[in-house]
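Me: Can you walk me through this one? I have the sequence and the model open.

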Amino acid sequence: LERAIGAGLAHVGKSPAGPAHVAVSASARDPRDRDIAEYVVQLLRCSPPLKASFVPLDSLVADDDGLYDALGTKIDVLVRFHLLPYLCNGMVRHRIDGEQALSYDGLHGLIANRRLAVVNPPAAYALDSKAVQALIWMLSETAAYFDESERAMIRRYLLPTYLDIPPNVDAYVSKPMFGSNGDSVRAFDAAGNELAVSRATTYLD
């Protein structure tokens, strides 16, 4: 993580030893993500000369020149512990008028123009993917891996998870591979008719 932040600072023309603003961001409404973010901040503070601070996601504001915290301090490197759509789907507002939201194009522009570097959560694409749960279930179900006590624990604590709809299923729930916090969850009956959908539909829009 330190190397990733160092590369981010180099991307924006800063040095870990110089004045730089590294923000570790998570939703203040998600206790798990906030605790992880604040823990990472404490770890980074033990690794001078890096200086980092926790910045709640809903306090971020942006303009064409950069991303800022609630005090108006420009952020050089954003270490995010939230989904990228949360950053670009209306939560981050314009610094001046408070109306226009940061878009994917706007975020890409800040990064491409070296106004900002973004560090993804460690292991995000592995551990946050529902595909990992499907892989664990397949290896357990086929007895291709895990001993019997481990398979019993998997059957107890994990729901059956598949990448494709299994045959002869009565009803099922569909979740996006990288979704979290109940976002874009749909329930279907055996015929494939949608019965219910979650309030948040980031991955369905």
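Reply: One term before we start: a pocket is an open set of grid points with protein on both sides within 12 Å along at least five of seven lines, and its lining residues have an atom within 4 Å of a point. Also, this is a predicted model.

Me: OK, so which residues lie nearest the centre of the second largest pocket?

Reply: Thr 161, Tyr 162, Val 173, Ser 174 and Lys 175, out of 22 lining residues.

Me: How much space lies in there?

Reply: About 650 Å³.

Me: And what is the lining by class?

Reply: There are 15 nonpolar, three polar and four charged residues. Helix 6 (130-141), strand 9 (171-174) and strand 10 (186-189) supply at least two residues each.

Me: Switching to helix 1. Which of its residues are buried?

Reply: Ile 5, Gly 8 and Leu 9. Seen down the axis of helix 1, they fall within an arc of 100°, so they line one face. Arg 3 and Ala 10, on the other side of helix 1, are exposed.

Me: What do the buried ones pack against?

Reply: Strand 1, helix 2, strand 6 and strand 8.

Me: Which residues of the largest nonpolar core touch the most other members?

Reply: Ile 5, Val 22, Val 24, Leu 44, Val 77, Val 79 and Phe 81, in a core of 18 residues. Helix 2 gives the most to this core, with four residues.

Me: What does Val 79 touch?

Reply: Leaving out residues up to four places away in sequence, Val 79 touches Leu 1, Ile 5, Val 22, Ala 23, Val 24, Ser 25 and Val 119.

Technical notes
Residues are numbered from 1 along each chain as its sequence is written. This is a predicted model: local features need pLDDT of at least 70, side-chain atom pairs count only at pLDDT 80 or more; totals for chains, interfaces and linings use all residues. Side-chain values use heavy atoms; hydrogens and water are left out. A nonpolar core is a set of buried Ala, Val, Leu, Ile, Met, Phe, Trp, Tyr and Cys residues joined through side-chain atoms within 4.5 Å. Buried means under 20% relative accessible area, exposed over 50%, partly exposed in between (1.4 Å probe, protein chains only). Contact means heavy atoms within 4.5 Å. On a 1 Å grid over the protein atoms alone, a cavity is a set of points where a 1.4 Å probe fits but cannot get out, and a pocket is an open set with protein on both sides within 12 Å along at least five of seven lines; lining residues have an atom within 4 Å of a point. Grid points are joined across faces, edges and corners, and a volume is the space filled by probe spheres set on the points. Ala, Val, Leu, Ile, Met, Phe, Trp, Tyr, Cys and Pro count as nonpolar, Asp, Glu, Lys and Arg as charged, and the others, Gly among them, as polar. The arc is that of the directions from the helix axis to the C-beta atoms.
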